Amino acid sequence: MSTELNLPTNASPSASQQQTAHVQRRLQKILDLKLESDKDLIDSLKYLSSFFNENSVRTRRSLRSTIEKRSLTLNDQFEECFRVVKQQLDQVNETVTSMSTSCQDMTQRLKNVKTQTQELINKTTQIQNENQELNIKSRITEGFIERFQLKPDELNALRTTRDGFLHPQFFNVLKRVKSIHQDCKLLLRTNQQTIGLEIMEQMALHQEAAYERLYRWLQNECRLLTTESPEISTLLSEALEGLKERQVLFKYVLDEYGTARRNAIVRGFIDALTRGGPGGMPRPIELSSHDPLRYVGDMLAWTHQAAASEKEYAEILLRKFKDWNDLQKTIQTLLGFITEGLCRPLRVRLEQVLVSQHEPVTLYKLTNLLKFYEATIKQLLPTDCQLSLVLDEVSNLSSKMFLNALNAKATRLIEKVDIPTNDLNLSDELRRTLALLRDILETHSTSMIPFESKRTDFQQIVYSIIDPLLQMCSLSAAKLGVVEMAVYLVNCYSAIRATLAVFAFTDEKIEMLEGHIDANADTLIGEQATYILLRTDLLDAYRIVEKQQQEANNIDGPLALKPGMDTITLKAAMVKFDSYLASPDLYIMPQLKYLTSAVNREKIKKRSVELICAAYTSLYSAIMDPKNTYANPYSIMPHTPEQIVKLLS
């Protein structure tokens with residue numbers, strides 16, 4: 001941008017040039033200004049536009065004076081405003097000065113008053129300190145009385161009410177008396193020993209009086225517990241637990257309770273025997289006296305139920321006890337005393353039943369019943385109590401009477417031996433004895449006595465019955481022939497074995513009986529084989545061959561030259577042997593048909609056939625031996641031993 005300036009003509013050249021240069025610099029400076037970025041300038045122009053309304057030469061020339069007037073007006077306004085502020089500050093200053101004067105006056109007056117009332121303040125402070133000290137002493141005294149003395153209502157709670165009941169707060173107050181008595185020991189360790197001893201003596205008197213009232217109340221309450229199902233309240237249990245510290249009084253109360261329950265249980269037992277339950281149901285036990293098992297079972301069941309109920313009542317009575325061992329010991333002692341009343345009436349009736357019975361089975365059932373209830377009731381009662389001892393004695397008595405009955409039965413078996421019947425079957429006495437043994441063992445197997453007791457009882461039963469039975473069978477068969485004796489004994493032993501086989505603990509006796517059966521069966525097997533060889537005329541020939549085989553040196557010569565071993569005799573015998581091969585059942589001893597066990601019969605037949613085959617094999621080998629000089633041995637014995645085995649199998 002170029003700017004041309006018109007300078008005056010009358011100016012000197014140098015002055016003109018300088019003025020021109022100065023103007024140019026200023027113009028250039030103005031032109032170089034960036035008005036859009038100069039905020040102050042923009043704000044000034046905006047303010048100028050607010051009162052510069054006319055853009056003319058005159059207004060432009062008077063712009064400076066206008067601005068100065070505008071500034072002067074603003075300063076006047078500002079000064080006017082501050083004049084008001086100054087006036088207000090002057091008023092505030094006057095007020096503050098007045099207040100300061102008043103405060104100084106008050107301070108001076110307070111100093112004067114303080115000086116005048118210092119003595120009063122000191123006295124007031126002293127009185128306040130004394131009052132605080134008295135309050136502390138009062139609280140200490142109240143705390144001491146609260147801790148070491150009883151209130152009037154607490155003293156009233158320790159006394160029994162007119163109607164005989166204990167106050168609801170009796171036990172709480174009693175605990176408090178015990179606590180005070182215990183806390184007095186702390187006073188004895190201080191310099192307050194006198195007051196400590198006085199309070200201890202006072203609390204001891206209260207405690208003894210409370211225990212005496214508690215004992216009387218418990219005594220009266222226990223005397224009322226004579227019903228069949230007594231109601232034992234929580235208060236009664238708590239009272240008994242509270243009296244436990246006085247062991248003598250505690251024992252007296254337990255004795256009172258035990259006496260009441262003992263009378264109740266005896267009366268209940270007599271009522272159950274004679275009157276039955278409410279309305280006659282269940283029926284009186286005495287009505288079943290004709291049935292010894294039911295009679296004894298009902299009495300023992302009632303006794304067990306009563307003992308269990310009494311144990312439950314005792315546990316309820318002593319439920320507040322915390323020492324488990326002490327609780328159980330006390331309950332056991334109490335139960336032993338209560339159930340002792342049942343000993344005499346129960347023992348008399350049980351012994352009457354046992355004395356009137358003579359049947360071993362009934363006696364054994366009674367024995368098992370007594371042992372079962374003895375073991376069951378002993379779980380509730382102490383082992384040394386009278387009822388446990390009575391049950392043990394009656395159980396032993398029943399066991400002895402049962403064994404005596406068995407021994408008497410065994411003695412009669414041996415004294416009176418029956419002669420075997422013609423069919424070699426069991427005698428009537430043996431059948432009755434086996435039926436008795438079966439009934440006893442069935443009772444034994446179904447009994448609920450302990451396992452070891454079952455084993456011991458079985459040994460006693462077996463030794464009392466089986467051995468005399470075996471002896472009776474041997475004596476009965478003594479006059480019979482060998483075959484008849486063997487058949488009879490096999491029948492007897494098999495019957496005894498069959499009776500024992502279905503029961504436990506019989507393995508030893510069964511093994512012994514099987515040995516006897518096998519021994520007699522071997523006898524029958526040998527006799528059956530001899531019988532067949534005798535009927536086929538081969539017995540003599542077999543004996544000659546056996547004798548020859550047993551001799552080391554054959555000095556008698558060949559078999560063909562011996563009597564009875566010639567070809568004609570042997571061929572005749574083989575003809576009969578062929579008849580045996582055709583119909584072996586016709587060559588069975590008649591006595592074998594009397595064997596009651598088909599298994600034994602078939603076993604004897606099979607084993608005897610094996611002996612026949614062995615005998616035939618010996619004869620066949622001897623005849624086929626060239627040393628025996630048989631001309632045509634195959635004509636004598638046309639069948640080989642293998643063929644004979646096949647034919648007889």
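Contacts between residues at least 6 apart in sequence mostly span long stretches of the protein chain: 71% of them join residues at least 24 apart. The model is a predicted one, and its secondary structure is quickly told, with 23 helices and zero strands in the protein chain. Of the 649 residues, 36% count as buried. The accessible surface of the protein chain adds up to about 39700 Å², and carbon and sulfur atoms account for 53% of that area.

Helix α12 is a handy place to start looking at how the helices pack. Residues 343–355 make up α12, and its axis comes within 10 Å of the axis of α13 (residues 360–378), the two crossing at roughly 155°. That puts α12 roughly antiparallel to α13, because angles over 145 degrees fall in that class. The crossing of α12 past α13 is left-handed. On the α12 side, Leu350, Val353 and Leu354 make the contact, and they meet Leu363, Leu366 and Leu370 of α13. In terms of chemistry, the residues of this contact come out as six nonpolar, with no polar and no charged ones.

The pairing of α12 with α14 runs the other way. Here the axes lie 10 Å apart and the packing angle is about 5°, so α12 is roughly parallel to α14. From α12, the contact draws on Cys343, Leu346, Arg347, Leu350, Glu351, Leu354 and Val355. The partners in α14 are Gln386, Leu387, Val390, Leu391, Glu393, Val394, Leu397, Ser398 and Met401. This contact of α12 with α14 takes in 11 nonpolar residues, along with two polar and three charged ones. Leu350 and Leu354 of α12 turn up in the contact with α13 and again in the contact with α14.

Further along the chain, two loop residues have backbone angles worth a look. Leu424 is not a glycine, yet its phi is positive, at about 55°. This leucine sits in the loop that links α14 (386–415) and α15 (428–446). With a relative accessibility of 4%, Leu424 counts as buried, since the cut-off for that label is under 20%. Asp537 is another non-glycine residue with a positive phi, in this case near 60°. Its loop is the one between α18 (507–535) and α19 (539–550). Asp537 is partly exposed, its relative accessible area being 41%.

Two residues within helices round out the picture. Arg261 belongs to helix α9 (residues 247–274) and, at 2% relative accessibility, counts as buried. Setting aside residues up to four places away in sequence, Arg261 touches Leu225, Thr226, Thr227, Glu228 and Pro230, as well as Glu310, Tyr313 and Ile338.

Ser618 is found in helix α21 (residues 598–624). This serine also counts as buried, with a relative accessibility of 16%. Once neighbours within four places in sequence are left out, the contacts of Ser618 are with Tyr542, Val545, Glu546 and Gln549. For Val545, the separation from Ser618 is 73 residues in sequence, while their C-alpha atoms are 7.2 Å apart in space.

Key. Residues are numbered from 1 along each chain as its sequence is written. This is a predicted model: local features need pLDDT of at least 70, side-chain atom pairs count only at pLDDT 80 or more; totals for chains, interfaces and linings use all residues. Side-chain values use heavy atoms; hydrogens and water are left out. Axes are lines fitted to C-alpha atoms, for helices over the stretch in contact, and angles run from 0 to 180 degrees between N-to-C directions. Helices (H or I, at least four residues) and strands (E, at least two) are DSSP runs, numbered from the N terminus. Angles under 35 degrees count as roughly parallel, over 145 as roughly antiparallel, 65 to 115 as roughly perpendicular and the rest as oblique. A crossing is left-handed if the near helix is turned anticlockwise from the far one by less than a right angle, and right-handed if clockwise. Contact means heavy atoms within 4.5 Å. Ala, Val, Leu, Ile, Met, Phe, Trp, Tyr, Cys and Pro count as nonpolar, Asp, Glu, Lys and Arg as charged, and the others, Gly among them, as polar. Buried means under 20% relative accessible area, exposed over 50%, partly exposed in between (1.4 Å probe, protein chains only). Accessible areas come from the Shrake-Rupley method with a 1.4 Å probe; for residues, only the protein chains shown count as cover.
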